[in-house]
Amino acid sequence: MTDSLEPQFLVVGLPASGKTTFLAALQNYIDSDLPDKSIRMTRYCANSEYLNRIHNKWLQFEMQSRTIQEQASRIDVSMHIEVNKTGDNFTLNIPDVAGETFSQQWSERYWELEYHEIVCASHGLMVFVHPSKVESHAPIAQVISALGSLTNIEDAGIEDQSADNSQEIIAETEVWSAEKSPTQTVLVDLVQAHIDHISGHPIPVSILVSAWDLVRVGSPNITPSEWLRYNLPLLWQFLSSNFESLTFEVYGVSAQGGNFEDRVDLERLEKIDIPANRVLVASAVGDNNDIASPIISIYERWKAKQS
Amino acid sequence: MTEDSSAEQDVCHQEGCRFNQDGQCLEGLTIAECPHLRYTLEVSDQEFRNDSPIDLLPVVDTYSLFSAEEFVPESIQEVTFGNKPKLVVIIGEPNSGKTTLLSTLYEQFHNGPYCSYLFSGSRTSRGFERRCHKLRIASGLVRPTMDRTISSDFHFLHLSVRRDTLDRPAEHLLFADIAGERFSLARDSDVDAKRLTILNYTDQCFFIVDGEELAIKNRRFAAKQRLQNLIGRFVQNSMLAHCGEVHLVISKWDKVLEISSEEELETFFIEPMRQRFTGILSKIILLSAQPQTNALQQVSGLDTFFETCLSSKSRQIVEVSITLSERASQFQRFKFRKQ
């Protein structure tokens, strides 16, 4: 991770945001004999044992649960990649696959020095978001308004905690903690802090909405960009309004292709002969099965900036 | 270092407080509440000699990020360096709705663009998040409420926004969040009023009054009198002469509509205030930031407040000469940058 001529792209995301499954599908793509692959690995990475393990799980339709090893120590992955069409090289850094570093950034306000060095040497950012792990800000006034008039609170059997004995009741309410902050606030902070430390603006940023098959179930026609705008509007505004500092694209990625624990989904996936074709990548230009396409896109945006 | 020979203690750094002598807080706060206490570890000379320099240095294997908490005057350069923020000061008694107003404005951007502006960042997002907590379901409350600002220090919240046409640079707002007690003191004393020198550097100044107080018949006269005295005190001391614009916000407007009426308040309060402070008050904003009545169920007046904060009428610049030996305060630096 030292050659400045060879760009490095950083993969970040809160815990359980889909990074592990993406890595497993990417490892499958690189190991596969697919024709017209856009990238290849130039050398085995230091953490091949981990990659092989998650790849095997992925091939056997097993969920990627966190192992004891992952819980005990941080797993960093660096993939050295060559673009087949041009022969250009770049590195994809996935520090802390489990993602504790990134939630810690918001709650504790520090990075480990080693991580800080990785950030400063980076040229682009891939941010993972899981659609079912989005903590909303849920204002009381909006929720009450949706439920009906405030005057009906007692009728609805909800205890009014701002009554006369408020002192006692407030003591029972949840005190503020960083961990309970809305996901979009944490992600804005995550992107902002990284952009501050990466030189060469505008920085190419990709937002990868994982488990895209789940989103499609409820909203079959929604695009990844629309999903971001409606579900994480603060992050969308931040990305849109800071175009001097960053360029961004949004992808919907289903690296598993479906829910392994759902029988119908599993049967559908088992019928697919080429495992790489299980993958779904949705973008502004349509759908494909190419897990490498978001990586190629971030590389091409970086390269276009150089010329 | 052994625990036996070192002593841990809290030391208060507030001027005039006798906590270090007799344990009594000047403001009557508990140790947990007081923002002036600093934890110190006293180390004896012998210990210092016994430890090697390496042992005494903290192990630094981490990189500190910006705190994202509210700014204090010493730290606002994080925003003022390289930017020209607009300084907004909201002046009102305790519980008049100052913090609720700021929190609700920040909260609007969690739903999407607001008044054709996009959220463009905040260097004090944790400061905002803390303040918003009791407006949210996550707090466990069923009515939005707000913790009172208790520190007598000045705190600042930063919000960066950008017009949705993206044809202009992002604009930076710095909101001063000041405890109402500071203004209660200023109302009664020229000395305390003159201490609020922040007003010399303010772009938009809002006096805020609790509308519910104005609507309740046995409280309205006193509430009106207190506000008149407060504004009058600042006028008497020429404290508003250099502000860009001065406005009046009537908060909890939903309560006014429920208890009284717009016409009644116009006759009793709004028109007399306009008359008394002609040439000083620019806008009168009827604000319902957290409506809790059937009379008004939508946030109202917040858009006018926000657009007024961004309006570009500049404040008058005061000539201040600073000798080379004099240390420029953060606010003075702020002012010069604005020029």
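The paragraphs below lead from the two chains as wholes to selected strands, one lysine and an enclosed space in this predicted model.

Chain A, whose secondary structure comes to 13 helices and 10 strands, contains 307 residues, of which 55% count as buried. Its accessible surface amounts to about 13900 Å², and carbon and sulfur atoms account for 50% of that area. If one takes the contacts in chain A between residues at least 6 apart in sequence, 75% of them connect residues at least 24 apart. Chain B, for its part, has 14 helices and 10 strands, and buried residues make up 51% of its 339 residues. The surface that chain B exposes is about 16300 Å², with 49% of it supplied by carbon and sulfur atoms. In chain B, 75% of the contacts between residues at least 6 apart in sequence likewise join residues at least 24 apart.

A useful place to enter chain A is strand β3, which spans residues 77–83 and is mostly covered, with 7 of its 7 residues buried. The side chains of this strand alternate in direction: V77(A), M79(A), I81(A) and V83(A) point one way, while S78(A), H80(A) and E82(A) point the other way, and all of them are buried. On one pairing, β2(A) is joined to β3(A) by 4 bridges in an antiparallel arrangement, and within it I39(A) stands opposite V83(A). On another pairing, β3(A) and strand β4 (residues 89–94) of chain A run antiparallel over 6 bridges, with H80(A) standing opposite T91(A). The connection between β3(A) and β4(A) is a hairpin with 5 residues between the strands, and G87(A) in its turn has a positive phi of about 80°.

The loop that leads into β2(A) from α1 (19–31) holds K37(A). Is this lysine buried or exposed? K37(A) has a relative accessibility of 17%, and because buried means under 20%, the residue counts as buried. Leaving aside residues up to four places away in sequence, K37(A) touches Y29(A), I30(A), D31(A), S32(A) and N84(A). One of these neighbours also takes part in a polar contact, since the side chain of K37(A) reaches the backbone oxygen of Y29(A) at 3.2 Å. Although K37(A) and K85(A) are 48 residues apart along the chain, their C-alpha atoms are separated by 9.2 Å.

Further along chain A, strand β9 (residues 280–283) shows a comparable kind of detail. L280(A) and A282(A) point one way from β9(A), V281(A) and S283(A) point the other way, and all are buried. Strand β8 (residues 246–254) of chain A is joined to β9(A) by 3 bridges and runs antiparallel to it, and the bridge partner of S254(A) in β9(A) is L280(A). Strand β10 (residues 286–288) of chain A is also antiparallel to β9(A), again through 3 bridges, one residue pair being S283(A) opposite G286(A). A hairpin through 2 residues joins β9(A) to β10(A).

The last step concerns enclosed space. Rolling a probe the size of a water molecule over the atoms shows where empty space is left. The structure holds 2 cavities of 30 Å³ or more, and the largest cavity contains about 60 Å³ of space. From chain A, the lining of the largest cavity is formed by S136(A), H137(A), W176(A), S177(A), K180(A), S181(A) and P182(A), and from chain B by E129(B), H133(B), R136(B) and A138(B).

How values were computed. Residues are numbered from 1 along each chain as its sequence is written. Chains are lettered from A and ligands numbered from 1 in the order in which they are written. This is a predicted model: local features need pLDDT of at least 70, side-chain atom pairs count only at pLDDT 80 or more; totals for chains, interfaces and linings use all residues. Side-chain values use heavy atoms; hydrogens and water are left out. Buried means under 20% relative accessible area, exposed over 50%, partly exposed in between (1.4 Å probe, protein chains only). Contact means heavy atoms within 4.5 Å. Accessible areas come from the Shrake-Rupley method with a 1.4 Å probe; for residues, only the protein chains shown count as cover. A polar contact is a pair of N or O atoms within 3.5 Å; within protein, one must be able to donate a hydrogen and the other to accept it, and residues adjacent in sequence count only if both atoms are side-chain atoms. Two strands pair if DSSP finds at least two bridges between them. On a 1 Å grid over the protein atoms alone, a cavity is a set of points where a 1.4 Å probe fits but cannot get out, and a pocket is an open set with protein on both sides within 12 Å along at least five of seven lines; lining residues have an atom within 4 Å of a point. Grid points are joined across faces, edges and corners, and a volume is the space filled by probe spheres set on the points.
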